[in-house]
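Reader: I am new to this structure and would like a close look at a single part of it. Could you take me slowly through the surroundings of the ligand, and then through the strands that lead up to them?

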Amino acid sequence: MTLRIARDVLLLVAKRPSRLVKWRLQTNLFRGRAPMSDRIESHLKEDRRFPPSSEFSAHARIRSHAEYTSRHAASLEDPATFWREETQDLVFREPWKTFSEWELPHAKFFVGAKLNVSESCLDRHLATSARNRAAIVFEGEPGDTRTLTYFELHREVVRFSAALLDLGVLPGDRVAIYMGMIPEAAIAMLACARIGATHSVVFGGFSADALRDRINDLGATVLVTQDGAWRRGNVVPLKQMADKALLETPTIRHVVVYERIGTKLAPFSLKEGRDHQWDMLLARTPSAESLAKAKGPEAFDSEHPLFVLYTSGSTGKPKGVLHTSAGYLVSAHVTSKYVFDLKDSDLYWCTADVGWVTGHSYIVYGPLSNGASCLMYEGAPNFPDAGRFWNIIEKHGVTILYTAPTAIRAFIRWGDEWPEKHDLSSLRLLGSVGEPINPEAWTWYHRVVGKGKCPIVDTWWQTETGSIMLTTLPGACFSKPGSTGLPMFGVDIEVVKDRGEACAPNEGGKLVIKRPWPSMARTLYGDDARFKESYWSQMPGVYFTGDGARRDEDGYFWVTGRIDDVLNVAGHRIGTAEIESALVSHPSVAEAAAVGRPDDLKGQALVVFVTLKTGQPADKAMKAKLAEHIDREIGKFARPDEVRFADALPKTRSGKIMRRLLKEIASGSLETKGDTSTLEDLSVLAKLRANDDEA
Ligand code: WTA
């Protein structure tokens, strides 16, 4: 107690009184980001309910809360029967013998089945009315459009599969895909699936170094890329960036380059014997054997690896999340069908990038396995103006929009006049993903975009879960702004305390999944020990999500965000350790700590505290250098929002950086002296905290 008073007195001296009063009002303790309990309190106040209209429910696949509850119960009580019914429309060459087998942390699903994932997404539609339906409606950033029917998509995937086979790609080989949002990215993914190669899409915003590291971790033998991608009117020179990576990727034997932009604006070179132009490669007549295999593809085991997708974790090294075939496909299929209530007449638009898991499950595998028509947009939401999304919806008649809260908050900032200028009456359903949606953004989305008539599905899930875990089925359940809803079929999920006991209603805790589910990640590529350690070691027998949450008295989940060392900046997962290890690899940096602070637009902003080596100037030029260094090491999207220099980082006596303190400073609830461009002396605060900890 005495120590706390001493701390307050010291702070009084150190701060302008007005700031202190503000700080005292905002936080009763040394807390920066509103503590979870406060955030929960603000959520607790939000209890409006938005039921679907009776018209929506009348035509929905699942029409009432009772129907949802009974299907959910069936999925847990008798999963084999449930999934047998739900997988009738997928193509299994051999049916499964056992629904699942597990010995944690490992699990298998649909054991004994044989399938080719691409057949469910393509071939099965050729015998139905979907054959001539648009599979992908592409809108390029410059405004060019292209439609691929299911017939055409199948044809292109077969051609590309044959080309990959002719390049010697075998089942189990890893193929890296470094592309923007063009149909060829989906074609490449599906072709890999078709020949049993494991694809790993590397988001086009990643740097050459990040691409290199992923290729090397995978030992990929083929890279598929494009000359360049349009982004806000500029060309991102993907092939040139890939060339830099390729200087240090000894396993790559072939590179396929799709020409999206043309040599005038995106010149690139081809390395003899290694690099192939997509069009020229496909123009060659494939060998009869490859063509036959591409047309009538092999069936693979249900647990055959489908893809690896890298995501951030709590160490400096990204995690290669591995998904396999049947369980992943089934979950992506079933969730797409029910959550988006897909109908033949829909034009569904998921605005995520194929480089993230949302693009995998809800642009490619989920919607295509349902025969849905999917819009794919290449560019930025504010190019050429802030009305681009609304223009696309009007132009193509989009009926379902699935986007991220960060985008919604940006739209709010840009003004209602943009959506209001366009006819959005084709929309019937809205979705949100990637980060918590604040009730204000939810309400705006509902009112301005959905005109009060479209249900909103807020979907919580992760790269590791493979498919949507929590949401409200749009025709069946009411939604509450800010709540991510109820468990999806087969999902046994709970909020628990540290030792695993269930929390009471509205009590905040850790979000865990209590039994394996079909689309769960099977391991981390090449690092099974880390798989176990990251997800299955916090509490015995359950999967730890890394998120904090509460469940209200209606059973609705409210996810409050990450409680580990992972940040969610504008819906992108960024590991603090990844940023730190990138920073300390700069020759001027002695030590670095990355933390998040709440941000009205991005959810969280990235703030880094840096201690420079002796003699290095702590100035603006250094900040710029460090930002560029992050661009190079990871990618522009991971650029810190703020770089702050410090004499030394606050540490406990045992040498651990006091992140909590840095978070508080970053969020402005604890002020250090001077402006942030000068060196901060964090030692006083560090000492105070150390004393406090000891007290
Ligand atoms: C966060 C994206 C609140 C969460 C699909 C999770 C969300 C992480 C939501 C996974 C949501 C995702 N409400 N938080 N609806 N959706 N998250 O792997 O912290 O890129 O753990 O997968 O995003 O991010 P990832």
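Author: What follows begins at the ligand, moves on to a sheet that shares a strand with its surroundings, and ends with another strand.

Please keep in mind that this is a predicted model. In it, 18 residues surround the ligand, and the closest are D458, T459, T463, R562 and R573. Sorted by class, this shell consists of 6 nonpolar, 7 polar and 5 charged residues.

Two of the closest residues, R562 and R573, also take part in polar pairs with the ligand. An N or O atom in the side chain of R562 is 2.7 Å from an oxygen atom of the ligand, and an oxygen atom of the ligand likewise has a polar side-chain atom of R573 at 2.7 Å. At E435 the backbone is involved, with an N or O atom there lying 3.4 Å from a nitrogen atom of the ligand. The protein buries 96% of the 520 Å² that the ligand exposes when taken alone. As for the elements behind this shell, those that contribute two or more residues to it are α15 (357-369), β20 (456-459) and β27 (557-562).

Of these elements, β20 leads us into a sheet. This sheet is open and has 7 strands with mixed pairing, in the order β5-β4-β17-β16-β18-β19-β20. Its edge strands, each of which pairs on one side only, are β20 and β5 (145-149), while the twist from one strand to the next averages 20°. The partner of β20 is β19, residues 429-433, and the two run parallel, with 4 bridges between them. Within this pairing, T459 of β20 stands opposite V433, and T459 has already appeared among the residues closest to the ligand.

To set beside this edge strand, consider β11, residues 254-258, which is mostly covered, with 5 of its 5 residues buried. In a regular strand, side chains alternate between the two faces of the sheet. In β11, H254, V256 and Y258 point one way and V255 and V257 the other way, and all of them are buried. Strand β11 has a parallel partner in β8, residues 222-226, to which 5 bridges join it, and it also runs parallel to β12, residues 275-277, through 3 bridges. One residue links these two pairings, since V257 is the bridge partner of T225 and also stands opposite Q277 in β12.

Key: Residues are numbered from 1 along each chain as its sequence is written. This is a predicted model: local features need pLDDT of at least 70, side-chain atom pairs count only at pLDDT 80 or more; totals for chains, interfaces and linings use all residues. Side-chain values use heavy atoms; hydrogens and water are left out. A residue is near a molecule or strand if one of its heavy atoms lies within 4 Å of it. A polar contact is a pair of N or O atoms within 3.5 Å; within protein, one must be able to donate a hydrogen and the other to accept it, and residues adjacent in sequence count only if both atoms are side-chain atoms. Accessible areas come from the Shrake-Rupley method with a 1.4 Å probe; for residues, only the protein chains shown count as cover. Ala, Val, Leu, Ile, Met, Phe, Trp, Tyr, Cys and Pro count as nonpolar, Asp, Glu, Lys and Arg as charged, and the others, Gly among them, as polar. Two strands pair if DSSP finds at least two bridges between them. Axes are lines fitted to C-alpha atoms, for helices over the stretch in contact, and angles run from 0 to 180 degrees between N-to-C directions. Buried means under 20% relative accessible area, exposed over 50%, partly exposed in between (1.4 Å probe, protein chains only).
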